[in-house]
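New to this one? Here is a quick, friendly walk through it, so have a look at the picture and then read on.

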Amino acid sequence: MGDFNLALVIVAIVVCILVFIFNVYLLVNYQHPDDANQAYFPKFVVVLGLSIAAISILMLPADVANRQACRHAIYNGACNLTLPMKDLWLAVYILDAVLVFFVIPFAMFYYEGDQEKSVGKRIKSALLWVVTTAIVCGLVLGILYGLIGKVDFTVMHLSSSTTSFPTTWEFSSSQQCIGGTHQCSAYTASASSEKTWTMRTTFPEYVVALATIVGSVLFAIFGGVGIACLPLGLIFSFIKRPKAVITRSQYIKEATELGKKARELKKAADSLQQEERSGSKGRKWRKNVKAVEKELLQLEEDVKLLEEMYPQGEKAETSWALTVLGYLAKLVLGILGLIVSVAWVAHIVIYLLINPPLSAFLNEVFIKLDDIWGLLGTAAFAFFCFYLLLAVIAGAMMLGLRLVFITIHPMKWGATLMNSFLFNVGLILLCSISVIQFCSTAFAYYAQATAAQEIFGHTLESLRGIKYLYKYNVFQIAFVALAGLTFVYYAAFGWRRRKRSGRFQLST
């Protein structure tokens, strides 16, 4: 067992280093040129946040592997060589909550502060917002923990009197106890023996639980929409692809229209900037800012599409060939993603919503993959968890383009500002807690007897005040319902080409 744990520690260290290097690579290649050689603190927060999110997803497979170190022990307490997974879970998720509710908001307020102010004034302004948030959150958490920070476990109370030691042992389905008249089987016990065992949970577990609730609401909305729009968006992107290269006259006409639209947006942006400096930042101003951001994003997509339809330069033919191959890759990825999405929804229905479950489904798949090769099932499990995070980002982007009250923060290769980075990292961190809870529930058979199940299964699902959300599968039902509605939406409207809007005007 010692050798097993040593190998597990080495693998964990190597994976953490690889995750850190990969996140630095993402930051360097996605960052906007305007942020080069500056904004170092937001960049540090981005790399740290992405690393924590990735490591938290990988911790559940590590928890399952860590459990295997004690598979020969008579009971878990007899094995002292396993990693302290429960302490690691709590440490990671407390750090997750601190990043989401304090560090990332501070970094965003600091980054978006008036550049004309001094660094000290920007830090002071950001700290004012964060300290206010911390005081409010601390009061709310303290009051809730003091009033309802308890867990109510449902148990079967079994009791019987003493009896003489028998000379013979006779057990059957009808006689499961010595003497035959004693109560020793919870399965056959009467309903009157059901009792509620109440105890106070620890404060770190309570913080993790509340953060999970907030993340679960966002996860059910964005994840439910994203699990359908992520693969279908790729497939319909192939369907709506440019079929042929346009002529030069068509290119000039389209480019002229786009240039006219760009000038209108520039004029609108200047007008909004003047209103901001004059202090007129009301609801109408925020609505207009949202409209300009949406139109600008669509303008960038139109420019990219026009460049694809009319490749220029000496390598025009090569550029067109790469465009065709790119759309074919989107089709392949979309089909593979659709298979994964259907598998996820089917697993939720079969294993979570139907009681008793019809089948363990993906749990059995992972176990069989582990039998083939030790890390194969772990890798497949991690992939399904990461896919849910990608679905959350895709769902947030789709709803952000269509709903006024959701801010757009697109991630673009070589053109992503730090505020968009920070927003998406905060969303990933907040939803990663819920993804782990969701996966520990959906794959309870595969991840049984782990520290994650102790925190996210027994404690969270028995917490006073919120246990009914999990008892009646509220988040799972919302997830499946939104996935179904999004599928219907794409089937009805996804194949249509977006019409270019006319003259843009700010609302008055």
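Let's start with charges: there are two salt bridges in this structure, which is a predicted model. Here they are side by side.

| Salt bridge | Closest N and O atoms |
|---|---|
| Glu295 with Lys261 | 2.9 Å apart |
| Asp270 with Lys266 | 2.9 Å apart |

The Glu295 and Lys261 pair ties together distant parts of the chain, 34 residues apart: Glu295 sits in helix H7 (residues 283-309) and Lys261 in helix H6 (residues 248-277). Both Glu295 and Lys261 are buried. Asp270 and Lys266, on the other hand, are both in helix H6, four residues apart, or about one turn of the helix. Asp270 has a relative accessibility of 31%, so it counts as partly exposed.

Now for the greasy side. Ile123, Leu127, Val131, Ile135, Leu139, Ile143, Leu147 and Ile148 make a nonpolar surface patch of about 720 Å². One of them, Leu139, belongs to helix H4 (residues 119-148). Is Leu139 buried or exposed? With a relative accessible area of 54%, Leu139 is exposed, because the cut-off for that is over 50%.

Next, take a look at Asn424 in helix H11 (residues 418-442). Its relative accessible area is 6%, so Asn424 is buried. A polar atom of the Asn424 side chain lies 2.8 Å from the backbone oxygen of Ser420. Met411 is 13 residues away along the chain from Asn424, and their C-alpha atoms are separated by 8.3 Å.

Finally, a word on confidence. The protein has a mean pLDDT of 78, with 79% of its residues at 70 or more. Among its elements, helix H8 (residues 316-353) has the highest mean pLDDT, 89, and helix H12 (residues 451-459) the lowest, 67. Where pLDDT is low, the predicted coordinates shouldn't be read in detail.

Methods. Residues are numbered from 1 along each chain as its sequence is written. This is a predicted model: local features need pLDDT of at least 70, side-chain atom pairs count only at pLDDT 80 or more; totals for chains, interfaces and linings use all residues. Side-chain values use heavy atoms; hydrogens and water are left out. Helices (H or I, at least four residues) and strands (E, at least two) are DSSP runs, numbered from the N terminus. Buried means under 20% relative accessible area, exposed over 50%, partly exposed in between (1.4 Å probe, protein chains only). A polar contact is a pair of N or O atoms within 3.5 Å; within protein, one must be able to donate a hydrogen and the other to accept it, and residues adjacent in sequence count only if both atoms are side-chain atoms. pLDDT is the predictor's confidence in each residue, from 0 to 100. Patches are made of residues with over 30% relative accessible area and no salt bridge: like charges are joined within 9 Å, nonpolar side chains (Val, Leu, Ile, Met, Phe, Trp, Tyr) within 5 Å. Accessible areas come from the Shrake-Rupley method with a 1.4 Å probe; for residues, only the protein chains shown count as cover. A salt bridge is a side-chain nitrogen of Lys or Arg within 4 Å of a carboxyl oxygen of Asp or Glu.
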